[in-house]
Amino acid sequence: MATSRTSRAALGRQLLSFLLVGGVGLVVDIVVFNALRTTVLEPHYVHSGPVIAKAISTSLAIIVNWIGNRLWTFRAQRRTGRRTNVIREGVEFVAVSLAGAFIALGCLWVSHYLLGYTSLIADNLATNVVGLALGTAFRFALYRWWVFSARRGTADAAAPALAVAPASVPVSSEPRSAGVAVPSLPKDPIA
């Protein structure tokens, strides 16, 4: 029971720090989105301006969020030595972030182009309320259980061992016949 309480408390702290880091990223996202949407990417001048503005603002927010989540939210997993490959971690983080961003982008596209809600407020509600809520749940789950997962540490460390070639087994050059023994491969070549 104490372990369960400890686990829930740790999850709660991690979720809180995730939301705080995400809040900073959200501010970056909203400010950049609205600055671009109301100036150089205004829909009267650029038809797909809102979508382009969202893509740019989201890209900047992803960078801010990766730094914050790496250094604060999921730092305990980093301390265990789980992720020494920063490039792979960054690629995985960006992949999950982009998938989450496409959720928000999809909400904006449906609202703006399919439903015809083209006001600045409608664009913000679609992308920064509905899309953000759906994307946040998606991202937290995948960051926790894939990108920064402490459980993957053992799989990452074991991966080089799996790449070891099996021991060579002598093979008879004589044709198969009833009197010739043909060696078989071991059942588990890695063992």
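How many salt bridges does a search of the whole structure find? The search returns four. The model examined here is a predicted one. The fold is described before these pairs are taken up in turn.

The protein chain contains six helices and zero strands. Along the sequence the pattern reads α-α-α-α-α-α. Of the 191 residues in the chain, 31% are buried. Contacts between residues at least 6 apart in sequence were also examined; 70% of them join residues at least 24 apart. The chain exposes about 11700 Å². Carbon and sulfur atoms supply 71% of that area.

One salt bridge joins the side chains of Arg-37 and Asp-123, at 3.0 Å from N to O. Arg-37 belongs to helix H1, and Asp-123 to helix H5 (residues 120-147), so the pair ties together parts that are 86 residues apart in sequence. Both partners can be placed by their accessibility. Arg-37 is buried, at a relative accessible area of 5%. Asp-123 is buried as well, at 0% relative accessibility.

Another salt bridge links the side chains of Arg-70 and Glu-89, with an N to O distance of 2.3 Å. Arg-70 sits in helix H2 and Glu-89 in helix H4 (residues 86-114), so this contact ties together parts that are 19 residues apart in sequence. Arg-70 has 11% relative accessibility and counts as buried. Glu-89 counts as buried too, at 0%.

Helix H4 also holds a salt bridge between Arg-88 and Glu-92. The closest N and O atoms of Arg-88 and Glu-92 are 4.0 Å apart. Arg-88 and Glu-92 are four residues apart in the helix, so about one helical turn separates them. Their accessibility classes are not alike: Arg-88 is partly exposed at 33%, whereas Glu-92 is buried at 7%.

The nonpolar interior was examined next. The largest nonpolar core has nine residues. Its aromatic members include Phe-18, Phe-74, Phe-93, Phe-140, Tyr-143 and Phe-148. Ile-62, Val-96 and Val-147 also belong to this core. H4 and H5 are the elements that give two or more residues to the core. H5 gives the most, with three residues. A second, separate core has six residues, among them Phe-33, Leu-36, Leu-41 and Leu-105.

Phe-18, a member of the largest core, has contacts beyond its sequence neighbors. Leaving aside residues up to four places away in sequence, Phe-18 touches Asn-69, Thr-73, Phe-74, Thr-136, Arg-139, Phe-140 and Tyr-143. Of these, Phe-74, Phe-140 and Tyr-143 are listed in the core with Phe-18.

On the surface, a nonpolar patch covers about 810 Å². Its members are Leu-16, Leu-20, Ile-52, Ile-56, Leu-60, Ile-63, Ile-67, Leu-71 and Trp-72. Helix H1 (2-37) and helix H2 (49-73) each supply at least two of the patch residues. H2 gives the most, with seven residues. Ile-56 is one of the patch residues and is found in helix H2. Ile-56 has 38% relative accessibility and counts as partly exposed.

Helix H2 therefore contributes both Arg-70 to the salt bridge with Glu-89 and seven residues to the nonpolar patch.

How values were computed. Residues are numbered from 1 along each chain as its sequence is written. This is a predicted model: local features need pLDDT of at least 70, side-chain atom pairs count only at pLDDT 80 or more; totals for chains, interfaces and linings use all residues. Side-chain values use heavy atoms; hydrogens and water are left out. Buried means under 20% relative accessible area, exposed over 50%, partly exposed in between (1.4 Å probe, protein chains only). Contact means heavy atoms within 4.5 Å. Accessible areas come from the Shrake-Rupley method with a 1.4 Å probe; for residues, only the protein chains shown count as cover. Patches are made of residues with over 30% relative accessible area and no salt bridge: like charges are joined within 9 Å, nonpolar side chains (Val, Leu, Ile, Met, Phe, Trp, Tyr) within 5 Å. A nonpolar core is a set of buried Ala, Val, Leu, Ile, Met, Phe, Trp, Tyr and Cys residues joined through side-chain atoms within 4.5 Å.
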